[in-house]
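This report describes side-chain contacts and backbone features in one protein model. The sequence and structure come before the text.

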Amino acid sequence: MADNNKKYICLHGHFYQPPRENPWLEEIEIQDSAHPYRNWNERITAECYAPNSASRILDDKGHIRDIINNYSKMSFNFGPTLLAWLERFSPLVYNAILEADKISLGNFSGHGAAIAQAYNHMILPLCNERDRRTQVAWGIADFEARFKRKPEGMWLPETAVNTASLEMLAEFGIQFTILAPRQAKRIRRKGEKSWHNIKDANIDSQQAYDCHLPSGKSIVLFFYDGPISHDIAFAGLLNNGENFAARLINSFPKDSGQSRLVTAATDGETFGHHHRFGNMALSYCLHLLESNKSISNTIYGEYLSQNAPAFEVEIFEDSSWSCAHGVERWRSDCGCKVGNNQWQQKWRAPLRESLDWLRDTTAHHFENGMAGFCQDPWQARDQYISVLLDRSQLSIEKYFANYFRATLAKEEKVRALKLLELERHAMFMYTSCGWFFDEISGIETVQILRYAARVIQLTREVVGIDLEDEFIRRLELAPSNMTDVKNGADVYRRYVKPSSISLLNVGVHFAILSAFEKFPETAHIYCYTIRTLVSHEYEIGKQRLSIGRVLIRSLITWEEVEVDFSVLYFGEYNLNGGVRYHVNSDAFKAMHDDLHHCFIKSDITQVITLMNKYFDKDNYSLWDLFKNEQGKVLNQIFESTMDVISANFREIYEHYYPLMRIRSDIKVSLPKALAMTVEFVLTRDMTMVLENDFLDLDKLERLAQEMRLWTFTRDKENLGFVAGKRVEKLMAHFYANPHDIDVGRSIATVLRILRTLSLDIDLWKTQNYYFAMFKSIYPIMNEKKKQGEESAHHWVAGFENLGRYLKVALS
């Protein structure tokens with residue numbers, strides 16, 4: 001039975017990133033703006049998702065007093081596509097999120113902290129009925145596969161809502177969702193007939209509401225506290241965890257005579273990414289709430305189990321939390337934007353209309369194409385989530401067995417998978433971020449147009465109809481704000497169309513990359529397997545000729561193709577490559593014999609002429625590699641170049657060192673050219689010492705002393721990044737070999753040396769390892785020390801000394 005005066009507090013984090021994967025490679029390519037990380041998912045994980053899984057509570061000296069998993073103590077949802085990325089590329093964080101939900105079951109009376117989310121963040125009120133159903137079905141199935149339980153609630157993307165969306169949630173058994181206060185239209189107490197209109201978002205957000213639906217079903221709606229949520233995200237409430245907690249606690253009315261719920265909801269990235277150390281403010285706030293006996297820190301499911309709604313509510317149709325005009329931000333020039341500029345967003349409507357045309361046109365072909373394979377194409381699409389969760393051959397064959405007619409030929413399976421992938425990308429092209437920002441040529445809109453391009457390509461391959469020209473024509477109506485980009489058609493031609501690839505392009509990539517690295521007989525490159533069928537390699541001096549035949553297979557659509565290739569490599573980045581679809585063994589042998597004959601005679605001109613003949617003058621170079629490998633190969637080439645540059649700079653450095661030292665001693669700045677030389681040499685030396693398998697502590701000490709002599713600006717971000725990785729590696733070894741206290745002493749020495757350079761070193765993982773040892777092995781060793789064991793005495797002294805450098809409170 002509910003306590004009528006009980007005070008509850010519930011904080012919700014909406015953790016989400018849009019799918020950023022290249023639609024043809026199924027991986028995120030390098031995003032330079034995320035440097036020093038490879039992409040924004042990786043950077044935001046380091047700044048937010050990881051820190052919240054092991055967040056610090058500090059004492060008054062700024063030392064770590066405790067480390068907690070924030071997710072286990074709050075309500076949260078993670079976007080399914082983000083969880084899929086974390087599972088592959090950050091498994092420790094991924095597992096910490098799943099573990100947090102398990103822990104939360106004990107914290108919240110058997111209710112889990114995690115709730116589901118509609119799959120890829122489509123605006124549900126703007127979806128057609130089929131897409132809305134699939135988005136909800138996929139979101140729930142993904143949740144159940146990961147968290148091993150049914151979700152009680154579901155987050156609506158951008159909290160965008162209409163009655164049809166609530167009906168869909170209720171149909172799938174979802175008990176509640178969370179909305180913004182301005183989305184409430186009117187309320188009434190249960191049993192009363194008259195409604196009370198809500199003005200200026202002034203709904204009582206400290207209770208839950210039943211929303212009765214036309215179908216006869218109902219769903220519970222929570223409305224978060226608008227001012228508190230705003231101040232968490234935008235007004236500095238995360239600057240201090242104590243103030244954060246006080247703001248929540250002081251929001252309760254005095255002597256209300258009923259249970260009250262203060263709830264706030266915001267983007268999860270607020271806690272660490274948007275606001276550095278926001279995760280720590282959240283941790284301390286949660287700590288204070290749990291310490292307050294008059295407050296119950298809760299989640300929505302637990303609160304609902306103890307407090308039945310006393311009021312009913314009706315919503316404003318087609319409303320959201322991030323657009324004051326409803327859902328217009330995702331279909332019109334409503335005035336909502338991110339930047340303080342005069343840009344228009346007239347492109348939004350024609351963009352959506354173009355995608356609607358593409359969706360509806362291809363849906364017809366999907367239905368017709370699937371009709372011969374299964375009884376209900378749309379049910380088959382709803383169940384395709386099982387394949388997205390597990391793309392193994394066994395899983396896909398099981399999917400075919402469950403939802404398709406008895407036997408499908410190999411070619412029919414390829415066709416069916418292509419049609420299903422067409423539909424997946426037809427939903428991904430509606431990911432909300434494509435409209436959220438100000439300009440159609442922004443990376444978010446380019447990304448959804450790449451999904452559209454994949455839809456067009458798959459339609460062309462499966463149906464034989466090319467929709468691209470008409471799609472581009474429609475995009476001409478979407479005006480850009482940029483002077484060098486006219487409209488959406490320009491954006492598509494310039495940024496989207498060049499990124500489209502075929503299996504032949506995969507062959508090009510493999511052929512060129514094989515000039516720089518060796519591959520096993522069966523290689524995995526992105527979402528493809530490449531099996532070498534024939535391989536020949538010939539060398540004369542620095543020149544190398546490779547000729548081969550490979551079988552390329554898509555792990556997504558099971559499509560296969562054989563290609564022949566030849567690469568003439570001259571050294572560094574100079575090469576000439578040719579790739580073609582395989583014709584037959586005789587044609588391959590003729591090509592091989594002619595090229596080989598000319599190459600061994602060193603007739604390179606004739607080799608190139610023959611390559612033009614056999615490969616139709618389609619010559620490929622380093623620039624035809626996929627983006628990530630371009631960077632790797634260039635780094636490989638530049639490394640040898642950097643050795644030459646380094647030697648030249650070092651010669652200048654050593655030659656002029658006495659003169660430069662005099663200027664330093666008398667406090668006279670170095671000329672810019674010499675300052676750059678000193679910075680380059682010392683930074684490179686420091687980086688090499690930190691990355692070397694053998695860590696030379698004496699040399700590290702000398703380099704740090706030398707760096708402190710000069711006034712140049714050190715590359716603190718990159719040096720700190722490299723140093724953090726090395727310290728983390730050492731600490732991981734110490735964690736795995738806890739009795740090797742010499743490693744612990746080495747870590748302490750490194751930190752002592754580097755702290756004099758004021759580097760920004762990320763010690764998050766290192767501190768996590770240390771804290772785990774502090775909780776496990778330290779008490780054992782400390783007890784042995786008290787019993788007089790000499791080795792334990794030395795171990796404890798070294799461990800405690802390391803703790804001081806890592807700022808961990810040991811008492």
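The predicted model contains 46 aromatic pairs. One of them is formed by Phe222 and Tyr303, whose ring centres are 6.0 Å apart and whose planes meet at 70 degrees, so the pair is edge-to-face. Phe222 belongs to strand β11 (residues 218-223) and Tyr303 to helix α9 (residues 300-306), so this contact ties together parts that are 81 residues apart in sequence. Both Phe222 and Tyr303 are buried. Elsewhere, ring pairs join Phe734, Tyr770, Phe771, Phe774, Tyr778, Trp795 and Phe799 into a cluster.

Aromatic rings also take part in contacts with charged side chains. Arg130 lies over the face of Trp378, 4.1 Å from the ring centre. Arg580 is placed over the face of Phe615, and here the distance to the ring centre is 5.8 Å.

Salt bridges number 50 in the model. Three of the pairs are listed below with the distance between N and O atoms.

| Salt bridge | N to O distance |
|---|---|
| Glu42 and Arg38 | 2.7 Å |
| Arg132 and Glu129 | 3.1 Å |
| Glu328 and Arg331 | 2.9 Å |

The accessibility of the partners can be given for several of these residues. Glu42 is buried, at 17% relative accessible area, whereas Arg38 is exposed, at 54%. Arg132 is buried because its relative accessibility is 6%, and the cut-off for buried is under 20%. Its partner Glu129 is partly exposed, with a relative accessible area of 43%. Arg132 and Glu129 both lie in helix α4 (residues 129-147), where they are 3 residues apart, about one turn of the helix. Arg331, which pairs with Glu328, is partly exposed at 32% relative accessibility. Beyond these pairs, salt bridges link Glu26, Arg391, Glu421 and Arg424 in a network.

The backbone has some features of its own. Most residues other than glycine have a negative phi, and most peptide bonds are trans. Against this background, the peptide bond that joins His35 and Pro36 is cis, with omega about 10 degrees. Pro36 is located in the loop between β1 (7-15) and α1 (40-53).

Positive phi values occur at residues other than glycine, among them His121, with phi near 65 degrees. His121 sits in the loop between β5 (116-117) and α4, and is buried at 1% relative accessibility. Ala201 has a positive phi near 60 degrees. This alanine, Ala201, is in the loop between β9 (196-197) and β10 (209-212), and counts as partly exposed at 30% relative accessibility.

A further positive phi, near 55 degrees, is found at Tyr526 in the hairpin of β15 and β16, which has 2 residues between the strands. Strand β15 (residues 522-525) and strand β16 (residues 528-540) run antiparallel and are joined by 4 bridges. Within this pairing, His524 has Thr529 of β16 as its bridge partner.

Which side chains of β15 point to the buried face? Ala523 and Ile525 point to one face and are buried, while Thr522 and His524 point to the other face and are not buried. The side chains thus alternate along β15.

Note on methods:
Residues numbered from 1 in each chain as written. Predicted model: local features only at pLDDT ≥ 70, side-chain atom pairs only at ≥ 80, totals over all residues. Heavy atoms only, no water. Salt bridge = Lys/Arg side-chain N within 4 Å of Asp/Glu carboxyl O. Buried < 20%, exposed > 50% of the residue type's maximum accessible area, 1.4 Å probe, protein only. Pairing = 2+ DSSP bridges. Phe/Tyr/Trp six-rings, centres within 6.5 Å; stacked < 30°, edge-to-face > 60°. Lys NZ or Arg CZ within 6 Å of the ring centre and 35° of its normal.
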